[in-house]
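Biologist: Before we go through the terms, can you put the model on screen?

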Amino acid sequence: MSEPIVPKRTLEHAPVLFPRDANGELLVGGQRLSVLAERVGQTPFYAYDRGLLTARVAELRAALPQGIELHYAMKANPMPALVQWMAGLVDGIDVASAGELQVALNAGADPHEISFAGPGKRDIELGQAVAAGVLVNVETARELKVLAAASQRLGLPARVALRVNPDFELKGSGMRMSGGPKQFGIDAEAVPEVLTQVGALAGDGLAFEGFHLFAGSQNLKAEAICEAQQKSYELALRLADSAPAPVKFLNLGGGFGIPYFPGETRLNLASISDNLAALQQRARADLAQAKLVIELGRYFVGEAGVYVSRVVDRKISRGQVFLVADGGLHHHLSASGNFGQVVRKNYPASVEPQGRNETATEPASIVGPLCTPLDLLADRMEMARGDVGDLTVVYQSGAYGRSASPEGFLGHPSAAEVIV
Ligand SMILES: *Cc1c(COP(=O)(O)O)cnc(C)c1O
C-alpha cells in the first residue's frame, strides 16, 4: 500500500501583534504606518509600541505567581525613552555596562532595584556602581577587591551578588551562556571559596545580597526553562550554606523566547508559572528573606517593535523579484540572520504598498543597500507586490535591533528610533 499523499504544509510565522485598521493599514502605537513614517520624517526607522510593551508586562504579571519580581535586561533595547517606559512597568532594571547604568538612572529607575552584570567590569565602572548604590553581580574575585576599595573611598556599602556559572545549561537555547568553561560568572564549584572572601571583606563595606544565575537566552521550550529554574534554585540553595549573610536576592535568570521563525509558537507560560509557584513556596521555608527575580530582555520588548524601510528599487534578476530597500543589515543585523543564527531564516516581514490599493501578492526578497549578499531582510517571501516608494516592515524587531547592528558599515545614514 502506498502512503497517502499529504500536501506539503509550509510553516507559517506566528501572527504578529500589530493590528490593522478597517482599510488594512498597519497600526503602530495606534497610528497608521503611512502617517507615522511622515511624522518620523525619514526611513529607515524603528518604532516601538507603548501599548504592546504595557500589555506584555501585564500579561506576564497576570500569568506568574504574585511576588515574582520582573527585571528588564536593557541590553535588549537601550533606547532611553523605552527604558524609561519600562522602568515604570517592571520591578527592576538589569544593566551590563556603566553606559547602560547611566541610562537606567536617568530613566528614573530605583537604584536599589538595578543590578549590574557582565564580564570585564572596569574599576571605574565598579566605582560608579557603588556610588549609585546598585547591586553588582560579581563575575570574578578581582571585582570584590575593587568594590571593597570603592566602598571605603565613598563611605557607602558595596552591594554584591555572586553570578554563578552553573554546572548545567539551558537546553535548546538560542545562545548558551552557562555550563562548561565560560567567561560569565564564577564556576559553581569555586563559589564557596569566593563567598569566604566576601565574608572576609564585610568589614570593608562589602554587603552580600545573593546569587545571580543566567543559563541562556531565546528559549521556546517551557520544560527546559522550568528545568533550568529548578536546577538554579537547587544550586543557589546549596551555595547559600556557605554564604556570609542571608540571601535577599535570588535571580533565577530568564531565557524566555519569542517566535521569530516559521513554525515557532509563543511560549506556554502555564507550566513556568506552576514551577515558579512551587519554587516560591520552597524559598519561603529555605531562604525566608529572598526575593525571587527573573530577568527578561527580548520577551518584554521584542514583539513590540518594527523596523521600517522604504523601497528604493525594484529589480527582477533571472525571474526573482528583489525589492531593494534603504535599510538593511547595518541597522538590523539580527533580521539579516547574522546575529547568532546558524541557518538563516526569515523574520516575519511585509510590504506595505503606499498610495494605491494593491491586491496582488508575489514571492519577493527584501534586500538592503550594502554591497554584500548578507544584506538580506527577507528571502523569497510571499508578500504584497511591492514597488518603489512602498514601505517594508520587519516585525519582532524590538530587541537586539539598532544597538546590536554595525551602523557604520558602508557609511549609510543611521536609523531613527521612536516610541509611540
Ligand atoms: C542578555 C542577557 C539577558 C537578556 O536576554 P534575553 O534573551 O534578551 O531575554 C538577561 N540576563 C543576562 C545576564 C544577559 O546577559
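Modeller: Helix axes are lines fitted to C-alpha atoms over the stretch in contact, and angles run from 0 to 180 degrees between N-to-C directions. Helices are DSSP runs of H or I with at least four residues, strands are runs of E with at least two, and both are numbered from the N terminus. This is a predicted model, in which local features need pLDDT of at least 70, side-chain atom pairs count only at pLDDT 80 or more, and totals for chains, interfaces and linings use all residues. Residues are numbered from 1 along each chain as its sequence is written, and side-chain values use heavy atoms, with hydrogens and water left out.

Biologist: What makes α4 roughly parallel to α5?

Modeller: Helix α4 (residues 98–106) packs against helix α5 (residues 123–132) at an angle of about 25°, and their axes are 10 Å apart. Angles under 35 degrees count as roughly parallel, over 145 as roughly antiparallel, 65 to 115 as roughly perpendicular and the rest as oblique. That is why α4 is called roughly parallel to α5.

Biologist: Why are α5 and α6 called oblique to each other?

Modeller: α5 and helix α6 (residues 141–154) pack at an angle of about 50°, with 9 Å between their axes. That angle falls in none of the named ranges, so α5 and α6 are oblique to each other.

Biologist: Which hand does each crossing have, left-handed or right-handed?

Modeller: A crossing is left-handed if the near helix is turned anticlockwise from the far one by less than a right angle, and right-handed if clockwise. The crossing of α4 and α5 is left-handed, while α5 passes α6 in a right-handed crossing.

Biologist: What makes a residue count as surrounding the ligand?

Modeller: One of its heavy atoms must lie within 4 Å of the ligand. By that rule 13 residues surround the ligand, and the closest are K75, S217, E295, G297 and Y400.

Biologist: How do you know that Y400 makes a polar contact with the ligand?

Modeller: A polar contact is a pair of N or O atoms within 3.5 Å. An N or O atom in the Y400 side chain is 2.6 Å from an oxygen atom of the ligand, so the pair qualifies. Backbone atoms qualify too: a backbone N or O atom of G297 lies 2.8 Å from a ligand oxygen, and a polar backbone atom of R298 is 2.9 Å from one.

Biologist: Which residue follows a cis peptide bond?

Modeller: P44: the bond from T43 to P44 is cis, with omega near -5°. P44 lies in the loop between α1 (33–40) and β3 (45–48).

Note on methods:
A polar contact is a pair of N or O atoms within 3.5 Å; within protein, one must be able to donate a hydrogen and the other to accept it, and residues adjacent in sequence count only if both atoms are side-chain atoms.
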